[in-house]
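Thanks for coming, everyone. Let's put the model on the screen and walk through it together.

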Amino acid sequence: ALQIEQNNMLLAFDVGNSNTVLGVFKDGVLLTNWRIETDTRKSADEYGMLLKQLFDYEKIDMSEIDDMIISTVVPSVLFTLQHMAVKYFGKQAIVVASGVKTGLIVKYDNPKQVGADRIVNAVAAIHKYGGPLIIIDLGTATTFCAITDKGEYLGGTIAPGLKISSEALFEKTSKLPKVEIEEPGKTICRNTVESMQSGLVYGHMGICDYIVRKMKKEMQEYVGDKKITVVATGGFSALIDSGVGCIDYVDKLLTLEGLEIIYQKNKKTPRHNCPKTGESVNE
């Protein structure tokens, strides 16, 4: 548990392309979390009313929230949430963006191009599991990130996620139907739905196995023979983990926990230090 100021309540937003995960932390401990659809059409008032319902259900008073932090890969939602934060919570939200302290040394050609969610995942994974690491985020897109034991974000791979792949098959072909994304149990399938499920799910498992294997080889240049821990997060992480051997940990709340750690780093008086990190150069 983090040793932090008592009775501190933080509301954290992880805004993805399909879903937004939000959580309430008290003294660094996650009290509750919700997953809602990301809707670019919602107004600040609609988000405010939705949050009031969620808070009321969990018997949490909105006035107890001391701070807010937002990570988003959907820029159009950011202004809406910032406006909502001021109107309904009276807070200026911290936004994970250029200039925010993360403790990562980002080796991307242009560090500003790295998605906020990938940075937040890396911060959390280093804190929880140490390095070196490969992080797989199985969401709308499937991303693979390589991090050294020195907190260096080396880069990674971006692939179409399961949902995008499924929608592409449906939209770009005349006869293929929409299917539920689930494991059919076999690859020699005798109907169209199971055939598509097999291709989507087992194909994605193959992608994960191959990219992790190749990434581990490339990382030897930076980390030598040190064991590389593979952490999976995102909505489809448990499904893919069930059929591959390359994943060490499934951690669906990784991004929320990363937001809490970054929040602590960006307070005027940080109250704890993340191991294996220095000053952020994520400009």
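I'll go through the two sheets, the helices that pack on them, and then one long helix.

First, the housekeeping. This is a predicted model, so local features need pLDDT of at least 70 and side-chain atom pairs count only at pLDDT 80 or more, while totals for chains, interfaces and linings use all residues. Residues are numbered from 1 along each chain as its sequence is written, and side-chain values use heavy atoms, with hydrogens and water left out. When I say helix or strand, I mean a DSSP run, H or I of at least four residues for a helix and E of at least two for a strand, numbered from the N terminus.

Okay, sheet number one. It's an open sheet of 5 strands, in the order 3-2-1-4-5, with mixed pairing. Pairing here means that DSSP finds at least two bridges between two strands. At the edges sit strand 3 (29-37) and strand 5 (94-95), each pairing on one side only.

Look at strand 1 (residues 9-15) next to strand 4 (residues 67-72): they're parallel, with 6 bridges. Phe-13 is opposite Ile-70 of strand 4. Now the helices on this sheet. Helix 2 (residues 75-89) touches strand 1, strand 4 and strand 5, and points at about 170 degrees to strand 4. Contact is heavy atoms within 4.5 Å; the axes are lines fitted to C-alpha atoms, for helices over the stretch in contact, and angles between N-to-C directions run from 0 to 180 degrees. Helix 7 (residues 254-265) packs on the sheet too, touching strand 1, strand 2 (19-26), strand 3, strand 4 and strand 5, and makes about 125 degrees with strand 1.

What about strand 2 and strand 3, parallel or antiparallel? They're antiparallel, joined by 8 bridges. They make a hairpin with 2 residues between them, and Lys-26 has Val-29 in strand 3 as its bridge partner. In that turn, Asp-27 has a positive phi of about 55 degrees, although it is not a glycine.

Next, aromatics. The whole structure has 4 aromatic pairs. To count, rings of Phe, Tyr and Trp (its six-membered ring) need centres within 6.5 Å; planes under 30 degrees apart are stacked, over 60 edge-to-face, and the rest tilted. One of the pairs is Trp-34 with Phe-55: centres 5.6 Å apart and planes at 35 degrees, so it's tilted. Trp-34 is in strand 3 and Phe-55 in helix 1 (residues 44-57), so the pair ties together parts 21 residues apart in sequence.

On to the second sheet. This open one has 6 strands in the order 6-9-8-7-10-11, again with mixed pairing. Its edges are strand 6 (105-106) and strand 11 (249-250). Strand 8 (residues 141-147) and strand 9 (residues 152-160) are antiparallel over 7 bridges, and Cys-145 is opposite Gly-156 in strand 9. Helix 3 (residues 116-129) lies across this sheet's strands, including strand 7 (133-138), to which it runs at about 130 degrees. In the loop between helix 3 and strand 7 you'll find Pro-132, joined to Gly-131 by a cis peptide bond with omega of about 0 degrees.

Last stop, helix 5. Its 32 residues (192-223) should span 46 Å at 1.5 Å a residue, and the end C-alpha atoms are 45 Å apart, which agrees. That expected span is 1.5 Å times one less than the number of residues. Gly-224 comes right after helix 5, with a positive phi near 65 degrees.
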